[in-house]
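Here is a friendly walk through one chain, written for someone who likes to keep a finger on the sequence while turning the model. Take a look at the picture, and then we can go through it piece by piece.

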Amino acid sequence: MLKLKQIVVSIENSPGRLFEVTHALGNAGINLRALNLVDTGAFGQLRLLVSDVAKARQLLMEMQIPAMVNEVVAAEIEDQPGQLAGILRPILDANIQVVFMYAFLRQKQERAVMVFRFSDNDKAIAVMQENGVHLLDAKQFGILESSD
């Protein structure tokens, strides 16, 4: 399965709220694999890739922080100029929209990881595979997606 489960929560833009969420996850033994926080006014939208999706969602719900789960796609690319544009060209040609994305760098491997949500994740996965893009699955990302 090449789609990753991502947790999305709205948190108040108030001092300490991000700390409260990340501290609770850390205390529960949940490791953050990637995150993105976007200001949307009175609230921020926090997107999280975590080591244990079900446990994190349950914890957030217990904190009365509604946590939605959606799917994203993670691609690993060379940390070189033009690499992102190179994988986006076939996506554009296939008429697939990038809904959002965020990225981080794997220093030791000199590789960048791009996390995407597409208008059609399945079609985007097929296009990227056809073009030799290295996609990461939950196991490679160190994510436990369910308690099965």
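Leucine 84 sits in helix H3. In this predicted model, leucine 84 counts as partly exposed because its relative accessibility is 27%, which falls between the 20% limit for buried and the 50% limit for exposed. Setting aside residues up to four places away in sequence, leucine 84 touches Ile77, Met101, Met114 and Phe116. If you would like a distance to check on screen, try the C-alpha atoms of leucine 84 and alanine 112: they are separated by 9.3 Å, while the two residues are 28 apart along the chain.

Helix H3 also has a salt bridge for you to find. The side chains of arginine 89 and aspartate 93 meet there, with 3.0 Å from N to O. Both residues belong to H3, which covers residues 83–93, and they lie 4 residues apart, about one turn of the helix. Arginine 89 is partly exposed at 46% relative accessibility, and aspartate 93 is exposed at 55%. Elsewhere, salt bridges that share partners tie Lys3, Lys5, Glu71 and Asp122 into one network.

How many salt bridges does the structure hold? The count is 8. Three of them are set out below, each with its closest N to O distance.

| Salt bridge | Closest N to O distance |
|---|---|
| Arginine 17 with glutamate 12 | 2.5 Å |
| Glutamate 78 with arginine 111 | 2.3 Å |
| Arginine 89 with aspartate 93 | 3.0 Å |

The pair of glutamate 78 and arginine 111 forms a salt bridge with its closest N and O atoms 2.3 Å apart. This pair links distant parts of the chain, with glutamate 78 in strand E4 and arginine 111 in strand E6 (residues 111–118), 33 residues apart. Glutamate 78 is partly exposed, with a relative accessible area of 36%, whereas arginine 111 is buried at 18%.

In the pair of arginine 17 and glutamate 12, arginine 17 counts as buried at 14% relative accessibility. Its partner, glutamate 12, is partly exposed at 33%.

Arginine 17 also brings us to helix H1. Which residues of H1 (residues 17–27) are buried? They are Arg17, Val21, Ala24 and Leu25. Looking down the axis of H1, you will find these buried residues within an arc of 100°, so they line one face of the helix. Phe19 and Asn27 are exposed on the other side of H1. The cover over the buried residues of H1 includes strand E1 (3–12), E2, strand E3 (43–50) and helix H2 (53–62). Just after H1 comes glycine 29, which takes a positive phi of about 80°.

Helix H2 can be read in a similar way. Its buried residues include Val53, Ala56, Leu59 and Leu60. Down the axis of H2, the buried residues fall within an arc of 135°, so they too line one face of their helix. They pack against E1, H1, E3 and strand E4 (67–78). At the start of H2, a side-chain oxygen of aspartate 52 comes to within 3.5 Å of the backbone nitrogen of alanine 54. Just after H2, glutamine 64 has a positive phi of about 60°.

Now to asparagine 121, in helix H4 (residues 121–130). Is asparagine 121 buried or exposed? Asparagine 121 is buried, because its relative accessible area is 10%, and the limit for buried is under 20%. Its side chain reaches the backbone oxygen of glutamate 71 at 3.1 Å. Apart from neighbours within four places in sequence, asparagine 121 is in contact with Lys3, Glu71, Val72, Val73 and Phe116. Two of these names may look familiar: Lys3 and Glu71 also take part in the salt-bridge network.

Our last stop is on the surface. Leu18, Leu32, Leu35 and Leu37 form a nonpolar patch there, with about 290 Å² of accessible area together. Strand E2 (residues 32–39) supplies the largest share of the patch, 3 residues. Leucine 37 lies in this strand, and it counts as partly exposed because its relative accessibility is 40%.

Terms used: Residues numbered from 1 in each chain as written. Predicted model: local features only at pLDDT ≥ 70, side-chain atom pairs only at ≥ 80, totals over all residues. Heavy atoms only, no water. Patch = residues over 30% accessible without salt bridge, like charges linked within 9 Å, V, L, I, M, F, W, Y side chains within 5 Å. Areas by Shrake-Rupley, 256 points an atom, 1.4 Å probe, with all protein chains shown as cover. Salt bridge = Lys/Arg side-chain N within 4 Å of Asp/Glu carboxyl O. Helix = DSSP H or I, 4+ residues; strand = E, 2+ residues; numbered from the N terminus. Buried < 20%, exposed > 50% of the residue type's maximum accessible area, 1.4 Å probe, protein only. Arc of directions from axis to C-beta. Contact = heavy atoms within 4.5 Å. Polar contact = N/O pair within 3.5 Å; in protein donor to acceptor, adjacent residues only side chain to side chain.
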